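Reader: Can you go through this structure with me? I am a first-year student, so plain answers please.

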There are 2 protein chains.
Amino acid sequence: MAETDQALPPSDQLAAMNLTDTVEKHAFSDRVLIRSIVGRPDGGAGLAGQRVRAGGWVKTGREQGKGTFAFLELNDGSCPANLQVIVDAGLAVLSKLVATGTCVVVDGILKVPPEGTRQKIELRVEKVVSVGEVDPAKYPIPKTKLTLEFLRDHLHLRARTNTIAAIARIRNALAFATHSFFQEHNFLYVHTPILTTSDCEGAGEMFQVTTLISESEKLEKELIKNPPPSEVDIEAARQVVSERGEAVKQLKAAKASKLEITASVAELNKAKENLSKLEERSKLKPGIPKKDGKIDYTQDFFARQAFLTVSGQLQVETYACAVSNVYTFGPTFRAEHSHTSRHLAEFWMVEPEIAFADLQDDMNCAEAYVKYMCNWLLDKCLDDMQFMAKSYDKGCIDRLRMVASIPFVRISYTEAVELLEEAVKGGKKFENEVKWGIDLASEHERYLTEVKFQKPVIVYNYPKGIKAFYMRLNDDLKTVAAMDVLVPKVGELIGGSQREERYEVIRERILEVGLPLEPYEWYLDLRRYGTVEHCGFGLGFERMILFATGIENIRDVIPFPRYPGRADL
Amino acid sequence: MAETDQALPPSDQLAAMNLTDTVEKHAFSDRVLIRSIVGRPDGGAGLAGQRVRAGGWVKTGREQGKGTFAFLELNDGSCPANLQVIVDAGLAVLSKLVATGTCVVVDGILKVPPEGTRQKIELRVEKVVSVGEVDPAKYPIPKTKLTLEFLRDHLHLRARTNTIAAIARIRNALAFATHSFFQEHNFLYVHTPILTTSDCEGAGEMFQVTTLISESEKLEKELIKNPPPSEVDIEAARQVVSERGEAVKQLKAAKASKLEITASVAELNKAKENLSKLEERSKLKPGIPKKDGKIDYTQDFFARQAFLTVSGQLQVETYACAVSNVYTFGPTFRAEHSHTSRHLAEFWMVEPEIAFADLQDDMNCAEAYVKYMCNWLLDKCLDDMQFMAKSYDKGCIDRLRMVASIPFVRISYTEAVELLEEAVKGGKKFENEVKWGIDLASEHERYLTEVKFQKPVIVYNYPKGIKAFYMRLNDDLKTVAAMDVLVPKVGELIGGSQREERYEVIRERILEVGLPLEPYEWYLDLRRYGTVEHCGFGLGFERMILFATGIENIRDVIPFPRYPGRADL
């Protein structure tokens, strides 16, 4: 390999290099990030001559030159691009390095490859530090091209593929963009509870959380190992109590010594205690505890029925009505048997809530937030977005640019219905009938944003009959101050509203929709005491990733998808 | 109020003011944040003469000057300081403004108050825009001084108190510091699942998540409304089938027309369908579905038993072994009946995982992360920290400064035990015996960090017998590469380890601790295919807040605490 050493820049050239042209070591590892080499604008060319330690997994590898050296495409997940690594046969058994999925750590020197190659830089290995081998015959994902559906059966390995790794980086970027946006605008991040005893809106199928089943199984096992006392055992214990009682009586009658009496009373008490323990145990019954024919939830962990949250909105309102601007960002749950490409049983939601603000402010915030995320991806994830554009959705980058730059159309629900009716008159066929009062179906939303306007659309002021009780009643008494943000590719991305802050009105609305008041007393308190105009919205985080990447199935944009019948790992 | 108008700076003075001395309006509201006035280094004095709209809740209010005007201390949660607001009687019914908890929005002009007052600025109201009244006789938290224990019974209102609001801001700051730290160091935020079918470490009491109970209750109700068919109903349906079958036969025998036969066959099929529906329904039994005497989890939502996660570590390792540097930050759960001031059933954990890194790297990362959070609070939350120092823990700011600046002590477990044994010899009394092999108790940890070193201590290389199977076995075969970070005030803040990356060794360890291999096959795959040296740790987020603020009870540093018997809202 002597000839390649000659490609090294002479030391004066090295010295002339910009000092910033040193590869940064990872702060908590002795290797460099591959992105800090190949992710540079010059593709890493300016780093020629540097000695680095790199680690990663082999994307593709091949032996060359009749087995005298090997080319490895190495990736460590820090960026979509690989580092080309060249290993001489003298340094390692090359056949153990080339299989897809092999993990290698190598020391080497960065060199400019011969002209005509795609890479701007390659790593000439001087030492193979460690190898995590792969038997390609057994490796579940030995190829680089595998369907997303196939990968769903290998959740623990799928992040090693280009697609799932790119989605992970985009998801990470959108999460941090979310925090950055709200922090910049003085919102406080509030952790609303996952376990809840409130059923938001009385809607939606909820997962129940309990320890009753495990407790009852524990008891069942215990009772098999150590059966409860029989009536005979208890009778015998009763007999002992009565005998001991008799003994005490006799000693007292015989005016025995205090010492003797005390000892005898102690014996009696022991016998009584034993009896009461046996009686207690005899009451134990296997199975979930019941009272009056119903499950006795006072014996459950929280002393009442508990569920997984479907939304943190109601709870986060308690913070908005105290510290003004807040948001939640956390997992939410629906126990719906939906087998579609748009539903998950566990998904992440972003829910800001703004005090001293109305529906206009809400729309402004939603629009600014979506634009911010689009700009963030264009700024910080362009390489990953280019990968998505190349592999999945060639329009995805243009879509981000469009949404980031164009003002969102804002139309009332009534206008939206008129536009849809016009479309029907013009020959457009919808599966769901269009008339004032309907909940807009996905096909209607997609028509408005993808066909009619070809840009994001905010629809506001919906009929109260199709919306939740907490949305503010408009002066027309027919509509509420709700708004949905519709975007091309996914339709509804955001749903929000100004909240009803008037005590009498919201109380009436709760009753009107047939809900009981009692569970909402705490929520009503927010209106009883120091009520404030406020609004908020919810963004389905996975929908935002679908919108950004063009990926079709929501199961592929969350690391560990949960849906009916599946919760792997 | 003519005299106060004279305090207005003349217009030329106004013009001479620095242009940056304009109060910034909140981006999504027409009011200003109170922090943007009183949170300035000059206390807001430089803003005199500006007209602003402010909104907030009254902390304290009083009528003055025989009811001619009122002083209100207004707070909107943006900072611990209040804005002093002065309202003339002509503008509103003053008695409706002064109750603690009242929400007011006012327009006014900022003025420098008379000399000798604490405030640097006050707001002279020109218009009362809106009022959310409070009846102090009914308001659950009418006073400003209430115990934290009392407030736990009013979760929905407690964020309106100075303490809970300050904790909310500190918690928010630490959460964003966490994201900023890991993002700056190129870690990807990975959302590990809340619902899991893996039981991490086989340890810890887990909450079960199920739809079996609600499904069985739904069925029960349905069967009452619409009882299952009786044996007589089914016999009758069978009879119909046989009659229809006979009819078909006769028509065929009689060589009836095709039309007649087809119609008759259709009738037969309808009867058969009805019979099979009835038979199906007759099998429905109320109660949780069972098979072979056990609960039939194949009928549960995920077709198997599911739980709430106790840690995202094992799952996030799948990402570390693919994209190198990752972290989780999310809720975790323990169904333990702990009634202590240090345990919650739902709490938040930060769990980074680093590939190509060993125990030293792990300790470096943990130390850098804790220091980063301390510096962040000192930089961005000093006013809240001053409030905590004044009200709860006078040493809390010094503690942050110390931890931010002093290198953490690092000692092996063996050294730690020797130091504890020395202390015992010197007369120190511990409740738990000290000898090599024990799990360090809280009292031991507190002694090391608070008494012996009086600074953060990292203890590493623990006996394998007291640690989890996934921690890397050291060459001595007696200890594992684990580490705990101990800090004054709370003891253990972080627990971490280098993970066992050697397939044969970890397989042996799983068996050694008595766990089955099958549920860990996916975890073993990470070692079978392209294994990598890696490490990670977990930080209990609420513990970090306790450490920072000096608050004693963990139930006060999470917005919605969940513990045995309680899950309000």
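Author: We can take the chains, the charged pairs, the cores, a sheet and the cysteines in turn. Keep in mind that this is a predicted model.

Reader: OK, chains. What rotation superposes chain B on chain A?

Author: A rotation of 180°, with 0.1 Å of shift along its axis, and the RMSD is 0.2 Å. That is how a two-fold axis relates two copies.

Reader: Which C-alpha in chain B is nearest the axis?

Author: The C-alpha of B:Val209, which is 2.3 Å from the axis. Both copies use the same surface, as 100% of the contact residues of chain B recur in chain A.

Reader: Next topic. How many salt bridges are there over all chains?

Author: The count is 71. One of them pairs A:Arg53 with A:Asp30, with 2.9 Å between the closest N and O atoms.

Reader: Where do those two lie in chain A?

Author: A:Arg53 is in strand 1 (residues 51-64), while A:Asp30 is in the loop between helix 2 (11-16) and helix 3 (35-38), so the salt bridge ties together parts that are 23 residues apart in sequence. A:Asp30 is partly exposed, at 43% relative accessible area.

Reader: And in chain B, what does B:Glu280 pair with?

Author: B:Glu280 meets B:Lys283 in a salt bridge, 3.8 Å from N to O. Both residues are in helix 8 (residues 258-283) of chain B, three residues apart, or about one turn of the helix.

Reader: Is B:Lys283 buried or exposed?

Author: B:Lys283 is exposed, with a relative accessible area of 56%. Back in chain A, salt bridges with shared partners link A:Glu231, A:Glu235, A:Arg238 and A:Glu279 into one network.

Reader: What about B:Asp42, what is its partner?

Author: B:Asp42 has a salt bridge with B:Arg40, with the closest N and O atoms 2.8 Å apart. B:Asp42 is partly exposed, at 27%.

Reader: Now the inside. How many residues does the largest nonpolar core have?

Author: That core has 267 residues, and A:Val459 and B:Met483 have the most contacts inside it. Nonpolar side chains tend to be buried together in soluble globular proteins.

Reader: What does B:Met483 touch?

Author: Leaving out residues up to four places away in sequence, its contacts include B:Leu359, B:Met363, B:Ile458, B:Tyr462 and B:Phe537. There is also a second, separate core of 28 residues, with A:Val32, A:Ala54, A:Leu97 and A:Val125 among them.

Reader: Sheets, then. In what order do the eight strands of the open sheet in chain A come?

Author: The order is 6-12-13-18-17-16-15-14, and the pairing is mixed.

Reader: Which strands stand at the edges?

Author: Strand 6 (188-189) and strand 14 (409-412) of chain A do; each has a single partner strand, so one side of each has no neighbour in the sheet. Strand 6 of chain A runs parallel to strand 12 (residues 325-333) of chain A, joined by two bridges. In that pairing, A:Leu188 has A:Val326 in strand 12 as its bridge partner.

Reader: Last one. How many disulfides are there over all chains?

Author: The count is zero. A:Cys374 is in no disulfide, and the nearest cysteine sulfur, that of A:Cys396, is 11 Å away.

Reader: Why is there no bond for B:Cys396?

Author: The closest cysteine sulfur, in B:Cys374, is 11 Å from the sulfur of B:Cys396, which is too far for a bond. B:Cys396 is buried, at 0% relative accessibility. A:Cys374 also counts as buried, at 0%.

Technical notes
Residues are numbered from 1 along each chain as its sequence is written. Chains are lettered from A and ligands numbered from 1 in the order in which they are written. This is a predicted model: local features need pLDDT of at least 70, side-chain atom pairs count only at pLDDT 80 or more; totals for chains, interfaces and linings use all residues. Side-chain values use heavy atoms; hydrogens and water are left out. A salt bridge is a side-chain nitrogen of Lys or Arg within 4 Å of a carboxyl oxygen of Asp or Glu. Helices (H or I, at least four residues) and strands (E, at least two) are DSSP runs, numbered from the N terminus. Buried means under 20% relative accessible area, exposed over 50%, partly exposed in between (1.4 Å probe, protein chains only). A nonpolar core is a set of buried Ala, Val, Leu, Ile, Met, Phe, Trp, Tyr and Cys residues joined through side-chain atoms within 4.5 Å. Contact means heavy atoms within 4.5 Å. Copies are superposed by least squares on the C-alpha atoms of residues with pLDDT of at least 70 in both. Two strands pair if DSSP finds at least two bridges between them. A disulfide is a pair of cysteine sulfur atoms within 2.5 Å.
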